[in-house]
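Reader: Hi, I've got this one open next to me. Can you walk me through it?

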Amino acid sequence: MGAVDFGYLESFTAGDRQVISEVLALFRQQAEAWAGSLDAADAGWRDVVHTIKGAARGVGANALGDACAEAEAVGPSGLPAVRAALEAAVADIAAYQART
C-alpha cells in the first residue's frame, strides 16, 4: 500500500473525480508551504504539524497523520519523520494524479 489510501478518498467523495482532483491539488499546494515550517527553529511548527495531521487524515494519508501525531507527542525529534511522510504522500498523490 502506498502513502495515501485513495480508496478512502474516493469513497469519501463518492468517486467525484473533480472533487478528488481539487482536494489533491490543494493538498499538494499546501504541502509546499508546510514543508518550510517543519523546523524546530520555527516557533509555529507544532501548529503546522497539527494542521497537516488533519489534512492528511482527510485525504487518506494515514502514515503522515500518524507521524504528525507522534511529533505532537514527542516534540521536535519527530519532525524528520513528518517531513519524510509528507514527501511520500506528495509523491504518491503526484503518481495518482498522473494516472487518472
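Author: Sure, starting with a helix in the middle of things: the buried residues of α3 are covered by, among others, α1, α2, α4 and α5. Helices here are DSSP runs (H or I, at least four residues), strands are runs of E with at least two, and both are numbered from the N terminus. Contact means heavy atoms within 4.5 Å.

Reader: Where do these coordinates come from?

Author: This is a predicted model, where local features need pLDDT of at least 70 and side-chain atom pairs count only at pLDDT 80 or more, while totals for chains, interfaces and linings use all residues. Residues are numbered from 1 along each chain as its sequence is written, and side-chain values use heavy atoms, with hydrogens and water left out.

Reader: What does the pLDDT average for the protein chain?

Author: The average is 95, and 99% of the residues score at least 70. pLDDT is the predictor's confidence in each residue, from 0 to 100. Among the elements, α4 has the highest mean (98) and α1 the lowest (93).

Reader: Back to α3. Which of its residues are buried?

Author: Trp45, Val48, Val49, Ile52, Lys53, Ala56 and Val59. Buried means under 20% relative accessible area, exposed over 50%, and partly exposed in between (1.4 Å probe, protein chains only). Those α3 residues cover an arc of only 145° around the axis, which puts them on the same side of the helix. The arc is taken from the directions from the helix axis to the C-beta atoms.

Reader: And what comes after α3?

Author: Glycine 60 follows α3, and its phi is positive, near 95°. There's also a positive phi on a residue that is not a glycine: alanine 14, at about 55°. Alanine 14 sits in the loop between α1 (6–12) and α2 (17–35), and counts as exposed, at 73% relative accessibility.

Reader: How about tryptophan 45, what does it touch?

Author: Leaving out residues up to four places away in sequence, tryptophan 45 touches Ser37, Asp39, Ala40, Ala71, Gly75, Pro76 and Leu79. Tryptophan 45 is in helix α3 and is buried, at 7% relative accessibility. Its C-alpha is 9.6 Å from that of glutamate 72, and the two are 27 residues apart in sequence.

Reader: Glutamate 72 caught my eye. What does it form a salt bridge with?

Author: With lysine 53, where the closest N and O atoms are 2.7 Å apart. The pair links distant parts of the chain, 19 residues apart: lysine 53 is in α3 (residues 45–59) and glutamate 72 in α4 (residues 62–74). Lysine 53 is one of the buried residues of α3, whereas glutamate 72 is partly exposed at 21%.

Reader: How many salt bridges are there, and by what rule?

Author: Three, counting a side-chain nitrogen of Lys or Arg within 4 Å of a carboxyl oxygen of Asp or Glu. Arginine 57 and aspartate 66 make one of them at 3.0 Å, N to O. Both are partly exposed, arginine 57 at 33% and aspartate 66 at 46%. Glutamate 10 and arginine 17 also pair, at 3.7 Å. There glutamate 10 has a relative accessible area of 27% and arginine 17 has 41%, so each counts as partly exposed.

Reader: Switching topic: which residues have the most contacts inside the largest nonpolar core?

Author: Leu24, Leu38 and Leu64, in a core of 27 residues. α1, α2, α3, α4 and α5 each supply at least two residues of this core, and α5 gives the largest share, seven residues. A nonpolar core is a set of buried Ala, Val, Leu, Ile, Met, Phe, Trp, Tyr and Cys residues joined through side-chain atoms within 4.5 Å.

Reader: What's leucine 24 in contact with?

Author: Phe6, Leu9, Val59, Ile93, Tyr96 and Gln97, setting aside its neighbours within four places in sequence.

Reader: Then α5. Which of its residues are buried, and which are exposed?

Author: Leu79, Val82, Ala85, Leu86, Ala89, Asp92, Ile93 and Tyr96 are buried. Seen down the axis of α5, they fall within an arc of 145°, so they line one face of the helix. Glu87, Ala98 and Arg99 are exposed on the other side. The buried residues of α5 pack against α1, α2, α3 and α4.
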